[in-house]
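Here are my comments on the model, set out as numbered points for reading alongside the sequence and the coordinates. They take up the pockets and cavities, the surface, and the charged pairs.

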Amino acid sequence: MIRTLGTGPVCARLLSQGSKSKACRAAHHCGSFDVAVVGGGIVGLASARELILRHPNISFALLEKEKELALHQTGHNSGVIHSGIYYTPGSLKAQLCVRGATLTYQYCQKKGVPFKRCGKLIVAVEREEIPRLKALYERGQKNNVRDLRLVDAKGIREKEPYCRGIMALDSPYTGIVDWRVVALTYGKDFQEAGGTVLTSFEASDITLAAESPAGSTEGLKYPIIIRSSKGQEVRCRFVLACGGLYSDRLSEMSGCSSEPRIIPFRGDYLVLKPEKNYLVRGNIYPVPNPRFPFLGVHFTPRMDGSVWLGPNAVLAFKREGYKLYDFNAQEFINALSYRGLQRLVLKNIVYGVGEMYRGVFTGAQVKILQKFIPELSPSDVLRGSSGVRAQALDAEGNLVDDFVFDGGKGELGSRVMHVRNAPSPAATSSLAIAEMVADELGKRFQL
């Protein structure tokens with residue numbers, strides 16, 4: 001477990017040998033840094049790590065609002081290392097995923113992080129799905145995905161004895177890992193390189209300083225003030241914001257654009273009872289339906305030996321609402337009042353109602369899963385974990401499908417770079433995203 005420098009009652013704590021730590025009490029100045037990274041999820045941690053490794057002579061801090069790192073999207077995902085099949089050839093999403101998968105496997109091997117290259121089958125169960133499956137194969141080929149092949153029903157049974165289908169796309173390069181373990185290892189690298197981690201620091205304001213801190217002889221060398229909800233302050237020259245579910249809020253806070261807007265979608269998983277885990281060896285996915293915005297329910301083995309089934313995709317009533325009844329009135333009203341969400345709902349009303357129904361009634365979700373594994377029954381599953389996806393949405397109701405990086409104008413905006421949209425497969429792509437972020441930050445801020 002990575003130890004972090006908290007900003008609560010006990011706030012001065014040794015991070016690790018050789019790392020920089022500072023005391024930071026309520027209403028106190030927590031330190032001055034060349035670059036502050038806001039957000040301790042996997043993208044923020046990977047980017048902070050890459051930056052400090054490239055620029056060891058300047059100071060970095062990472063600010064995280066929770067008491068621990070990587071608790072939200074990073075700690076609530078399915079754990080898949082994606083190979084890059086689905087994404088539009090030439091898009092950032094495709095390029096970063098393919099490179100990110102390679103870097104992930106190399107990193108995990110080097111650091112001793114456990115992983116399994118268990119593969120994935122994308123299975124067609126209806127003949128009308130075969131043209132779409134073949135198109136996926138061609139897309140994967142264009143994206144330079146490794147070792148892809150199409151297999152028939154016999155080939156499916158050889159890979160997954162209990163799975164039924166008429167054709168499948170076999171991706172042996174797909175794997176699984178505990179992404180939170182990976183993220184915490186990034187954090188350890190960052191600290192060992194001299195970076196400072198401040199937890200329990202919820203950024204509530206980003207502004208320009210009018211004067212230097214009391215007792216400081218540095219003048220306005222660090223012109224940006226990041227204030228926490230508890231009254232602490234960090235000063236810095238530049239900001240990298242990797243806010244995930246709150247990336248649009250951080251953008252507005254620093255005077256940058258409010259769009260694309262983040263809309264939270266909750267995904268609820270079922271889990272196989274342990275005595276039924278033999279039914280699934282690797283990842284089993286459906287052929288995506290282009291009429292619907294998400295991939296559909298699938299079978300995913302986990303590093304702990306369990307098997308997750310799902311998820312569905314429903315509007316979350318709270319940005320970090322992992323339970324059905326988690327509710328934040330202001331966040332929910334803000335989401336519903338957004339024209340983009342209203343248009344998305346109107347375009348997908350039948351799909352949305354079906355997703356909500358399957359979220360409430362386990363048997364309805366199992367019925368879909370039985371198309372792939374007929375032996376599965378409702379008595380074989382239990383309710384499992386949930387995650388919340390930060391889905392970027394434009395004003396026309398279109399899902400923003402690729403990565404978005406931007407900044408603002410003026411003295412403050414020109415010193416801030418935002419990772420506005422880092423959709424799935426952001427975890428797989430994290431090391432590749434970090435390379436691109438470090439390239440861009442170096443050019444923008446002349447580090």
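1. Which helices and strands each supply at least two residues of the lining of the second largest pocket? In this predicted model, they are β14, β18, α8 (339–347) and α9. Helix α9 gives the largest share of that lining, with 8 residues. The pocket itself has a volume of about 470 Å³, and of the 24 residues that line it, A313, V314, L315, G352 and M356 are the closest to its centre. Sorted by class, the lining comprises 17 nonpolar, 4 polar and 3 charged residues.

2. Helix α9, which spans residues 349–360, also deserves attention for the surface, as it contributes 4 residues, the largest share, to a nonpolar patch. The patch is made up of V345, I349, V350, V353 and M356, which together present about 470 Å² of accessible area. M356 thus appears both in this patch and among the residues closest to the centre of the second largest pocket. Another member of the patch, V353, has its place in helix α9 and counts as partly exposed because its relative accessibility is 47%, a value between the limits of 20% for buried and 50% for exposed.

3. Turning to enclosed space, the structure holds 2 cavities of 30 Å³ or more, and the largest cavity contains about 80 Å³. It is lined by 13 residues, of which I262, P264, R319, E331 and A335 are the closest to its centre. β14 (261–272) and α7 (329–336) each supply at least two residues of this lining; β14 is likewise one of the elements that do so for the second largest pocket. The cavity lining has 7 nonpolar, 1 polar and 5 charged residues.

4. R319, already named among the residues closest to the centre of the largest cavity, should also be examined for its pairing, since side chains of opposite charge can pair when their charged atoms come close. Its side chain meets that of D248 in a salt bridge, with an N to O distance of 2.7 Å. R319 lies in the loop between β18 (314–315) and α7, whereas D248 belongs to helix α6 (residues 247–253), so the pair ties together parts that are 71 residues apart in sequence. Both partners are buried: R319 has a relative accessible area of 6%, and D248 has one of 1%.

5. The salt bridges number 23 in the structure, and two of them can be set beside the R319 pair as examples within a helix. E50 and R54 meet through their side chains at 2.9 Å, N to O, and both lie in helix α1 (residues 42–54), 4 residues apart, which is about one turn of the helix. E50 is buried because its relative accessible area, 16%, is under 20%, while R54 is partly exposed at 34%.

6. The other example is in helix α12 (residues 426–445), where K443 and E440 are 3 residues apart, again about one turn of the helix. The closest N and O atoms of this salt bridge are 3.9 Å apart, and a reader weighing that distance should bear in mind that the cut-off is 4 Å. K443 counts as exposed at 62% relative accessibility, whereas E440, at 25%, counts as partly exposed. Apart from these pairs, R49, K111 and D189 are joined into one network by salt bridges that share partners.

Notes. Residues numbered from 1 in each chain as written. Predicted model: local features only at pLDDT ≥ 70, side-chain atom pairs only at ≥ 80, totals over all residues. Heavy atoms only, no water. 1 Å grid on protein atoms, 1.4 Å probe; cavity = no way out; pocket = protein on both sides within 12 Å on 5 of 7 lines; lining within 4 Å. Points joined across faces, edges and corners; volume = space filled by probe spheres on them. Nonpolar A, V, L, I, M, F, W, Y, C, P; charged D, E, K, R; others polar. Patch = residues over 30% accessible without salt bridge, like charges linked within 9 Å, V, L, I, M, F, W, Y side chains within 5 Å. Areas by Shrake-Rupley, 256 points an atom, 1.4 Å probe, with all protein chains shown as cover. Buried < 20%, exposed > 50% of the residue type's maximum accessible area, 1.4 Å probe, protein only.
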